[in-house]
Amino acid sequence: MFTVSDDWGARGKPYRDAFVDTLLDMIEADDRVMVLDADLGGASNTLKIRDARPDHFVECGISEANMMGLAAGMSSEGLIPFAHTFGPFATRRAFDQIYMSGAYARNTINIWGSDPGFTVGANGGTHTTWEDVALMRTIPGAVVCDAADSVQMAWILREFAKSAGIHYLRAARKDSWHIYEEGSTFELGRGNVVRRGTDALVVTAGQLVKDALDAAIALEREGVSVEVIDMFCIKPLDVDLLLSEIVGKRAVVAFENHGVIGGLGSAVAEAIAEAGISVPFRRHGVAERFGQVGTPDWLQAEFRLTSPDLEDTVRGLLGGG
């Protein structure tokens with residue numbers, strides 16, 4: 001059961017602190033939990049795990065494909081591996097190892113791909129991933145999540161440890177926007193209606209949940225009622241919720257910190273098309289661009305992923321802009 005916090009939109013606990021604190025707690029409860037990092041212990045704060053529980057930490061160096069192979073080997077011996085590196089290196093650079101040594105061999109790898117999309121900041125285009133969700137969705141049986149805040153991230157990590165398979169979590173490293181109350185619980189494969197509305201439906205995930213809520217409030221002042229779904233579990237997608245909440249809406253927007261090809265927007269479009277529903281729809285994400293250097297705030301504006309950008313998209317679909 002989840003509760004949207006009364007102070008949603010405030011700065012929340014850094015994602016990396018949620019990752020480390022949750023995994024340290026999990027290690028104490030289950031000796032099988034292992035943590036692997038790819039020369040990013042300082043960036044991810046996993047050095048805290050190395051120092052506290054060196055027997056549960058493996059520094060793999062800048063060798064991400066090898067890290068995924070090592071994680072798969074750990075799984076084959078009954079351990080529960082959690083591997084971290086930046087999103088593009090966790091997915092496109094190590095994709096074959098995840099696919100073959102992990103999924104095909106029926107091993108379990110829990111992966112945190114950090115700093116997706118505009119959250120990459122000054123690390124620039126080489127470290128930007130607009131395609132990680134697209135890649136991971138293609139793996140049979142994989143679970144793909146995008147955490148709205150540190151509360152949700154902690155819950156996802158614990159849930160990943162309960163089942164076998166390939167589990168991918170994308171989230172920034174630093175400050176999150178606080179969305180959910182502490183103690184909130186969720187369900188993999190189920191989306192969360194975080195705001196009710198009657199005119200338009202916005203389906204979003206990750207750090208953009210806050211921006212979607214901001215846009216909904218701004219549009220309400222104009223007399224436009226916007227519903228927001230946090231589709232934090234992109235695969236498996238909650239098709240039942242999506243289709244039920246489309247009923248009566250005059251427009252649907254998928255709003256994502258990802259490329260428009262293969263991500264949340266594609267998943268939503270596929271579900272709508274296969275259900276034979278006719279509704280004005282837009283994938284609001286990044287089209288045909290590579291990443292670049294800048295602060296996260298500047299990059300978010302540069303790639304038109306701000307709340308005012310979303311407002312414009314909703315107005316356009318409703319015929320008001």
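Which residue in E11 is the bridge partner of Leu201? That would be Val252. Keep in mind that this is a predicted model. Two open sheets make a handy way in: one has seven strands, and another has five. After those, we'll look at a pair of helices and then at helix H11.

**The five-strand sheet**
- Reading across, the strands come in the order E7-E9-E8-E11-E12, and their pairing is mixed.
- Strand E7 (192-195) and E12 sit at the edges, so to speak, each pairing on one side only.
- From one strand to the next, the twist averages 25°.
- E8 and E11 run parallel and are joined by five bridges.
- Helix H9 (residues 208-220) lies across E7, E8, strand E9 (226-230) and E11. Its direction is at about 170° to E9.

**The seven-strand sheet**
- Here the order is E2-E1-E3-E4-E6-E5-E10, again an open sheet with mixed pairing.
- Its edge strands are strand E2 (57-59) and strand E10 (233-235), and each of them pairs on one side only.
- Neighbouring strands are turned by 20° against each other on average, if you ignore direction.
- Strand E4 (residues 109-114) and strand E6 (residues 166-171) run parallel, with six bridges joining them.
- Look for Asn110, which stands opposite His167 in E6.
- Helix H4 (residues 64-76) packs on this sheet and touches strand E1 (33-37), E2, strand E3 (80-86) and E4. The direction of H4 makes about 170° with that of E3.

**Helices H1 and H8**
- The axes of helix H1 (residues 15-29) and helix H8 (residues 150-160) come within 9 Å and cross at roughly 35°.
- The crossing of H1 past H8 is right-handed.
- On the H1 side, the residues in contact are Tyr15, Ala18, Phe19, Thr22, Asp25 and Met26. They meet Ser150, Met153, Ala154, Leu157 and Arg158 in H8.
- Sorted by class, this contact has seven nonpolar, two polar and two charged residues.

**Helix H11 and its surroundings**
- Helix H11 (residues 264-274) has a set of buried residues: Leu264, Gly265, Ser266, Ala267, Val268, Ala271 and Ile272.
- Those buried residues pack against two helices, H7 (132-137) and H10 (239-246).
- They also pack against strands E8 (200-204), E10, E11 (251-259) and E12 (281-286). E10 belongs to the seven-strand sheet, while E8, E11 and E12 belong to the five-strand one.
- After H11 comes Gly276, whose phi is positive, near 70°.

Notes. Residues are numbered from 1 along each chain as its sequence is written. This is a predicted model: local features need pLDDT of at least 70, side-chain atom pairs count only at pLDDT 80 or more; totals for chains, interfaces and linings use all residues. Side-chain values use heavy atoms; hydrogens and water are left out. Axes are lines fitted to C-alpha atoms, for helices over the stretch in contact, and angles run from 0 to 180 degrees between N-to-C directions. Helices (H or I, at least four residues) and strands (E, at least two) are DSSP runs, numbered from the N terminus. A crossing is left-handed if the near helix is turned anticlockwise from the far one by less than a right angle, and right-handed if clockwise. Contact means heavy atoms within 4.5 Å. Ala, Val, Leu, Ile, Met, Phe, Trp, Tyr, Cys and Pro count as nonpolar, Asp, Glu, Lys and Arg as charged, and the others, Gly among them, as polar. Two strands pair if DSSP finds at least two bridges between them. Buried means under 20% relative accessible area, exposed over 50%, partly exposed in between (1.4 Å probe, protein chains only).
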